[in-house]
Amino acid sequence: MNMTAMQTSVPIASVNGIALHGPDEVLDESALRQRACTELLRQAAQQAGLLALDDPANTDGVPSAAASDAIEQLLERELRQPEPGEDAYRRHYAAHLDRHRQGDRIRLRHILFAVTPGVDVRRLRDRAEHTMLEVRCDDADLFARRAAELSNCPSGATGGDLGWLRAADCAPEFARDVFSGQEIGVLPRLVHSRFGLHVVEVLEREEGVTPPFEAVQAAVRLSLQQQAWATALRQYLQVLAGAARLVGVPLDASDTPLLQ
């Protein structure tokens, strides 16, 4: 027997005996969970008579067009939710005022340490953290000098100055970090984005305005409906997982129906 093959073979995860991947494919937990959920729904659509029993199960995680349509019909039928009343919408609005505020602006500057192919990320992070500590402990002029010397952004030529920005002007992950607090000055952490590691100094913050409920009622309604649908889907999948035979799949299962 080929010992190398024995050492490198991957246990095959399955749902009710249906394989979720090929024998040599290695999936991370998130991808495996996604495939398992899709297969649970595909099989539920078959049991509900919405999909032919001979619909092919694919190990690449991509359902057939017929299966996709059947799953959509299944979810439309199973995840019907009562319409929340206006009181629920108003409570949701009041609990998330910051989410609806419009026009927040920040004036900032940064030093970008770009993550490029082949770069030693650990050494890059060490260098970025050293620079962050250095500019936090020194005068304001040092930030501009370090930006000119080290930043991989064209703004380095102007001391890292990015001017006034709104959240929509930034990469989402960058915006989530710098707009989430009220800090002024050099942030005590590196900000991570798709471009690399940023040493950020917030120079000024300007708060926007929160529109009245009536102006954002449609957005509030959609947000609450999406939350309810996501919760119902998660509960429905738990029920399906509880009734299924799962092998090597990291899913929370429940044998108690959670949907009313």
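Me: Which residue in strand 7 does S193 stand opposite?

Reply: That would be G196. Keep in mind that we're looking at a predicted model. The pair belongs to strand 6 (residues 191–193) and strand 7, which run antiparallel to each other over three bridges.

Me: How many residues does the hairpin between strand 6 and strand 7 use?

Reply: Two residues carry the chain from strand 6 into strand 7.

Me: What other strands pair with strand 7, and in which sense?

Reply: Start with strand 3 (residues 105–114): strand 7 (residues 196–206) pairs with it in the antiparallel sense, over ten bridges. To find your place in that ladder, take I106, whose bridge partner in strand 7 is R205. Then there's strand 5 (residues 185–186), also antiparallel to strand 7, with two bridges. There, V186 has E201 as its bridge partner.

Me: When I walk along a strand like that, how do the side chains alternate?

Reply: As a general idea, side chains in a regular strand take turns between the two faces of the sheet.

Me: Now the pockets. How much space lies in the largest pocket?

Reply: About 230 Å³. It has 13 lining residues, and the ones closest to the pocket centre are D98, R101, D104, A167 and F179.

Me: And how does the lining of the largest pocket split by class: nonpolar, polar and charged?

Reply: Sort the lining residues by class and you get five charged, five polar and three nonpolar. For a look in the viewer, centre on D98, R101 and D104, which are among the residues closest to the middle of that pocket.

How values were computed:
Residues are numbered from 1 along each chain as its sequence is written. This is a predicted model: local features need pLDDT of at least 70, side-chain atom pairs count only at pLDDT 80 or more; totals for chains, interfaces and linings use all residues. Side-chain values use heavy atoms; hydrogens and water are left out. On a 1 Å grid over the protein atoms alone, a cavity is a set of points where a 1.4 Å probe fits but cannot get out, and a pocket is an open set with protein on both sides within 12 Å along at least five of seven lines; lining residues have an atom within 4 Å of a point. Grid points are joined across faces, edges and corners, and a volume is the space filled by probe spheres set on the points. Ala, Val, Leu, Ile, Met, Phe, Trp, Tyr, Cys and Pro count as nonpolar, Asp, Glu, Lys and Arg as charged, and the others, Gly among them, as polar. Two strands pair if DSSP finds at least two bridges between them. Helices (H or I, at least four residues) and strands (E, at least two) are DSSP runs, numbered from the N terminus.
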